[in-house]
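Reader: Hello! I would like a close look at a single part of this protein, and then some help placing that part in the whole.

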Amino acid sequence: MVDRVFSAWFRWLGGAPCFRIYGKARPEADWHIIDVFATHRRNSGSSWPAPFFRGTCITWTSQVIAVGWDFAESVLREQADDPASRDRPVAVAGGRIGDWKRRVAAGASSQTSACEVLAHECGHTGQVRRLGVAYWPIGGTLTLFREGPHWYNRFENQASEEGLFGGIVNGSVCAELMERLQRPATEE
Ligand SMILES: [Zn+2]
């Protein structure tokens, strides 16, 4: 209920999403439609060590993920090359965004793609659906610890292990993002 109210509130605040995606956590049977909102505040500025790391994305509710415009653009470019679908979703390689050894051991690139970061956020949307209002205090505290071997890393680990990004909903990409895509790629 609270999750629904907040989702409606974010939609009202954020206007139109830059696109919509299908997402779920592995244990869930059904796919969910999630609004991805882009804000300039979340663009990768000089203060971020990596262009699109977790700092640039946040899952607000089970239906709302906020990202930077440049991150949204990266997702779209990756999807243009290799589109995901609900039959062929993107998961976080090796179940970790930040553990390159585990990623390489799983046969993946040590570099995390934007779509994998989005899959991680989809894992958080599953946590919201399971935890309800408890998500905000838990998520707000434990995401600070990121992935790792300790109990307090479990929240982030789980998002990386369970999150699935099932592609962009047809026709949902906003005009501003389509226009950005026509321009040459921003440095990544
Ligand atoms: Zn996270």
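Which residues does Thr-39 touch, not counting residues up to four places away in sequence?

Author: Happy to help! A word on the model before the details: this is a predicted model, where local features need pLDDT of at least 70 and side-chain atom pairs count only at pLDDT 80 or more, while totals for chains, interfaces and linings use all residues. Residues are numbered from 1 along each chain as its sequence is written, and side-chain values use heavy atoms, with hydrogens and water left out.

Now to your residue. Leaving aside residues up to four places away in sequence, Thr-39 touches Val-67, Gly-68 and Trp-69; contact here means heavy atoms within 4.5 Å. Thr-39 has a relative accessible area of 19%, so it counts as buried (under 20% relative accessible area; exposed is over 50% and partly exposed in between, with a 1.4 Å probe and protein chains only).

Thr-39 belongs to strand S2. Helices (H or I, at least four residues) and strands (E, at least two) are DSSP runs, numbered from the N terminus. Strand S2 covers residues 32-39 and pairs with strand S4, residues 64-68, in the parallel sense over 5 bridges. Two strands pair if DSSP finds at least two bridges between them. Within this pairing, Phe-37 has Ala-66 of S4 as its bridge partner.

S2 also pairs with S1: these two run antiparallel and are joined by 5 bridges, with Tyr-22 standing opposite Ile-33 of S2. The link between S1 and S2 is a hairpin of 6 residues. S1 itself is mostly covered, with 6 of its 7 residues buried. S1 is also joined to S6 by 4 bridges, again antiparallel, and there Ala-25 has Gly-163 of S6 as its bridge partner.

Put together, these strands belong to an open sheet of 6 strands in the order S3-S4-S2-S1-S6-S5, with mixed pairing. Its edge strands are S3 (58-61) and S5 (90-91), each of which pairs on one side only.

Across this sheet lies helix H4 (residues 114-131), over S1 (19-25), S2, S3, S4, S5 and S6 (163-168), running at about 65 degrees to S1. That angle is taken between N-to-C directions on a scale from 0 to 180 degrees, with axes as lines fitted to C-alpha atoms, for helices over the stretch in contact.

The metal site brings us back to H4. The zinc ion has as its protein donors His-120 (NE2), His-124 (NE2) and two OE atoms of Glu-156, lying 2.0 to 2.5 Å from it. Donors are N, O and S atoms within 2.8 Å of the metal (3.2 Å for Na, K and Ca); water is not among the atoms, so sites may look incomplete. Along the chain, the donors follow the spacing H-x3-H-x31-E. The pair of His-124 in helix H4 and Glu-156 in helix H6 (residues 154-162) links distant parts of the chain, 32 residues apart. Both His-124 and Glu-156 are buried.

For the whole picture, the chain has 7 helices and 6 strands, and 46% of its 188 residues count as buried. Among contacts with a separation of 6 or more, 72% come from residues 24 or more positions apart.
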